[in-house]
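This report describes a predicted model of a protein assembly in formal but plain terms. Please keep the sequence and the three-dimensional view at hand while reading.

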Amino acid sequence: MTRDLRMRWLTPALALLLVLSLSACTSFTPNSIFGAHSQFGHSVDSLTRKLVVLGAIVFVLVETLIVFILVKFRERDGNREAKQFHGNATLEIAWTLIPAIILAFIAVPTIKTIFETEAKAPPSALQVEVIGHQWWWEFRYPQYGITTANELYLPVGRTANFALTTKDVLHSFWIPQLDGKRDLISNHTNYIWFTPDSAFAWNGFCAEYCGTSHANMHFKVFTVAPAEFDAWAAHQKTNAVGSAPPAPAPGAATDSAKGTPPVTKIATSVGTTTPAGEVAKPPVATPVMNVSDTTSATYPRNKLPEWVIPKTPTPAALTFDASATGDATRGMTLFRTAPCIACHAIRGVPTAQGIVGPNLTHVGSRTTIAGGIYPNDLHHLELWIKNAPAMKPGSLMPLFGKAEKGDTPGLYTDQQIADLAAYLSSLK
Amino acid sequence: MATTVSLPPTPYTVTSDKYESGIWSWLSTTDHKRIGQLYLYTSLFWFLVGGLEAGMIRTQLYGPNGHFVSATTYNELFTMHGTTMIFLVIMPLSAAFFNFLIPLQIGARDVAFPRLNAFSYWVFLFGGLFINASWFFHAAPNAGWFGYAPLTTRPYSPGLNIDFWVIGLQILGISSLAAGFNFITTIINMRAPGMHFMRMPVFTWMAFITQFMIILAFPIVTVALTLLMLDRFFGTNFYEISAGADPLLWQHLFWLFGHPEVYILILPAFGLVSEVLPVFSRKPLFGYPVMIYSGILIAFLGFGVWAHHMFAVGMGPIADSFFSITTMLIAIPTGVKIFNWLGTMWGGSLRFTTAMKFAIGLVALFTIGGISGVMHASPPSDLQQTDSYFIVAHFHYVLFGGSMMGLFAGLYFFYPKITGRLMGEKAGSWHFWLTFIGMNLTFFPMHFLGLHGMPRRISTYDAGQGWEQDNHLASYGAILIVVGTCFFVYNWFRSMKTGKVAGNDPWGGATLEWMIPSPPPDYNFATIPNVTSRYPLWDRKSPKLTAEVPHGSADESKIEVELMGQKTGTLPAPSDTIGNAASAQPVISSAKQLGIVMPTPTIRPLLAALSLGSVFIGLILHKNLPIMFLAAICFVLSLYSWLLTPLEPEHH
């Protein structure tokens, strides 16, 4: 019987345990919620860890008890009679009260953290307006007069207070390593605030189902030293650089950053204990922005961690004439009268005042396009302009490539699109 | 099975008018057992469809940037997977058990309103077909089973997709409400003499509680859906954000239904497991009254926790705290149930049949879902967990590890009562282990996916986010579940032909349904039994098991099984019936021979359901008024015809 039992129960059960422990062994977790790289993160993190530990204890106790019962009280050859009892008041009161006590241990810190994290942000906070669109993010810094898209810059050590609204359906603002989710509700303004404590680049996601391309609504967050933030903000406030020649490859001159204060982690991140499943935090580099170069003042691209660089493959059917080399000046001329201006604004270009699509004033300074799903380079820009709906399902931006099949007829040849892309790329 | 030695090759057959086979007999049936089987087979069919959808989801998500299906199709798949599994599988599978078991367990011959019961089924069938017909129009619902406004309003979902969903769910709601009132009336009014509420089998108790939740929760979602339908078809502005609507109205209405719905899905499974565990532990249920009270408490608290689905919408600290506390409170009665099941097994003599394995599976797996449930009862922590794969893991442990495991336990346990034969234990064991391992392999890694930042409802994810390995594991697990389900389907149909003949009581059951032949004759009980304790059959067969359970007075302790008017008898005397089930092959008389009046079969409920459904077809065909009016007139006429026909033939 024992052998039989081992064959029938223990083997599959052990195999299962083995495989499940595998699932906890992902060592590389760049979007782990246990990151805790902000004050918000720390509060939530310590609470979640309490829950994980208590949950694990209950889990182990109950499941062990089940296995014990199954082994000890299985039907044996001797046909032992079952002990007959059908209730026990003391026991039942005990296992009503004990969970209640455990829950009280959870409830108290929970309520405390609720009131802590949902308090009003300090008045000195950096104000950021987050506006959800199908399927991209608009970010405004009212204190600085900046409007940008899909990329957030936040100074380390200063509280950022986000006012969340949506232009269409519901979305949810989530940076797993910095904050929890807060929904963007139509006809409401929601708030969430946190204080980032280390400089790095992070992934942000839309976490509320919002239609066809919900999966393709990402954003990037760059937490930088306050001085670097100020440099970035000052640059973003300027008008578009127009058709200036393409700037040198961004981030190429990292050494020119000498003299800027080195970015330090303002507060050391949580202790070394890591819960099951969390083996290591992503290695936190200490990137240094090229502050002296006021034409870009962006997060150095060569310091971007792998996991914030999108790797979405482009549709195989979508090709682009490799011989077309774009000319930014021609592109600028074309842009000013193209349908682009109906939806996109470029500060300094009087005709381009559209507000439906992302503001393109410094689009060349961003690392990604299309809601954070493609890297921002000429190739992807060209394909995107040529056929956005093919690049991103449901895209509200129509296709522009001639001979592309879609709902609207395309307008431009590959050469014209290459010019447009060259112009946009030049808007550092 | 000890009680099935030397059995005749086939179960008995009853030759009565009602048990004639043929399509017509099924279309016109009012027999609760047949309607139960209709529910059963329909929901098992949808289970395969929903499983297919899940398989496609797991194929798409196996690796990063998957392109097995388009984003549009993926969104339809996850919406329909959820909608199907909730409304077309778990609820009607529970309803199959309600139909089949409630009258048998309370010692009744049918439900209170047999024709309304048929109507419920036909409306359910129609609703399921309606909502799935959308696939053929390339317009399957695509806004999630929760259908958040304003995504579901006309400006953001101009197609037919949401029309199918909003109308289909209303149709299904009619079915659930009609059934709910029917079962409540049945349980209150038709219990056998001596079956006090505190002697009722636990499954019937949980079914009873579930029906109250249904009749209280479904009107709420019906209101929500009707408002949405008015918006979509008639230009009202309940959810129309351009007119200043507050989209949270939908969320509050939906979850005020949606959370009780969770308990509507789990309580019947709890009830089934509470039947299975005592039988195979050879012990009465531990703490019967506490099990009942905790079920009631869960149902009651279940109506006060809805906004824990909405911690991220910014309700403010007071509301967050309130719903956090009520949610934690609900863990207490649920935990009590778990411990009482363990108490039931403690000291028992456990026999690991397939039904028992699935029942234990529920206890083990629901515990995991319960623990993660408490974790997101804490709003700050939930802000990180909500809408991530952690939630997907949680509710699959609750609904697959809980509801489906319990329902499978019930299927293996009651299969012999339904078909007269036992399901194969060997294939059953394969089914259990593949499902159990596959289930954990699929859903346990999803906890980590959520904690590692993977949002829900995404049709694709990028490479290099640390999500590949766990998604691989989840997809492999899905393969195991598919293989396990193949064993189940094979076992199901094969056992019907070659399974061992069950006899009345193959498991040594304790409740009334095991007293009568399998499958039961159309009238169930020749003589309505007299009940004196919670375990009437154990009282007779193994009195030791119930020695400590409260009993009624001695003078009412005899179960009458003699056939009315047939005392020279063709049915074995009670002790024989119970003791060695089929030592003599029973020849079952028809209801007519016994002088038992049963409801007349009638097609009218089907006609009423069809014409009611046609009203909705007219609505979705761009408000086709002629069809709608014609169908409405047909509906009224069929109702008249139904109501003017007597339920039973003339009494002699």
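The text below treats chain B, the contact between the chains, the nonpolar cores, and the sheets of chain A.

**Conventions**

The model is predicted: local features need pLDDT of at least 70, side-chain atom pairs count only at pLDDT 80 or more, and totals for chains, interfaces and linings use all residues. Residues are numbered from 1 along each chain as its sequence is written, and chains are lettered from A and ligands numbered from 1 in the order in which they are written.

**Chain B as a whole**

How many helices and strands does chain B have? Its secondary structure comes to 19 helices and 0 strands; helices (H or I, at least four residues) and strands (E, at least two) are DSSP runs, numbered from the N terminus. Along the principal axes, the C-alpha atoms of chain B fill a box of roughly 75 × 60 × 45 Å. The radius of gyration of chain B is 25 Å, which agrees with the value near 26 Å that a compact globule of 652 residues would have. That radius is taken over C-alpha atoms, and the globule rule is 2.2 Å times the number of residues to the power 0.38.

Of the 652 residues in chain B, 64% are buried. A residue is buried if 20 or more other C-beta atoms lie within 10 Å of its own, exposed if 12 or fewer, and partly exposed in between, with C-beta atoms placed from the backbone. Among the contacts in chain B with a separation of 6 or more, 82% join residues 24 or more positions apart. Two residues are in contact if their C-beta atoms, placed from the backbone, lie within 7 Å.

**The contact between the chains**

Chain B gives 96 residues to the contact and chain A gives 88 residues. Several helices contribute two or more residues to the side of chain B that touches chain A, including α3 (71-106), α7 (248-281) and α14 (468-498) of chain B. The largest share of this side, 15 residues, comes from α9(B). The residues of the side of chain B that touches chain A divide into 53 nonpolar, 32 polar and 11 charged. Here Ala, Val, Leu, Ile, Met, Phe, Trp, Tyr, Cys and Pro count as nonpolar, Asp, Glu, Lys and Arg as charged, and the others, Gly among them, as polar.

**Nonpolar cores**

A nonpolar core is a set of buried Ala, Val, Leu, Ile, Met, Phe, Trp, Tyr and Cys residues joined through C-beta atoms within 7 Å. The largest has 290 residues, and those with the most contacts inside it include Val273(B), Leu362(B) and Ala409(B). Helix α3(B) gives the most to this core, with 22 residues. Not counting residues up to four places away in sequence, Ala409(B) touches several residues, among them Leu272(B), Val276(B) and Phe358(B). Another core, of 32 residues, lies apart from the largest one and includes Cys340(A) and Leu420(A).

**Two sheets of chain A**

In one open sheet of 5 strands, the order is β4-β10-β9-β6-β7 (chain A), with mixed pairing. Two strands pair if DSSP finds at least two bridges between them. The edge strands are β4 and β7 (182-184) of chain A, each pairing on one side only. Neighbouring strands of this sheet are turned by 25° against each other on average, direction ignored. Helix α4 (residues 226-237) of chain A packs on the sheet, touching β4 and β10 of chain A, and its direction makes about 135° with that of β4(A). Axes are lines fitted to C-alpha atoms, for helices over the stretch in contact, and angles run from 0 to 180 degrees between N-to-C directions.

In strand β4 (residues 151-155) of chain A, 5 of the 5 residues are buried. Glu151(A), Tyr153(A) and Pro155(A) point one way from β4(A), while Leu152(A) and Leu154(A) point the other way.

A second open sheet of 5 strands has the order β3-β2-β1-β5-β8 (chain A), again with mixed pairing. Strands β3 (146-149) and β8 of chain A have a single partner strand each, so one side of each is left without a neighbour in the sheet. In strand β8 (residues 190-194) of chain A, 4 of the 5 residues are buried, so this strand is largely enclosed by the rest of the structure.

The table lists strand pairs from these sheets.

| Strand pair | Sense | Bridges | Opposite residues |
|---|---|---|---|
| β4(A) and β10(A) | parallel | 5 bridges | Tyr153(A) and Phe222(A) |
| β5(A) and β8(A) | antiparallel | 5 bridges | Ala163(A) and Tyr191(A) |
| β6(A) and β9(A) | antiparallel | 2 bridges | Phe173(A) and Cys206(A) |
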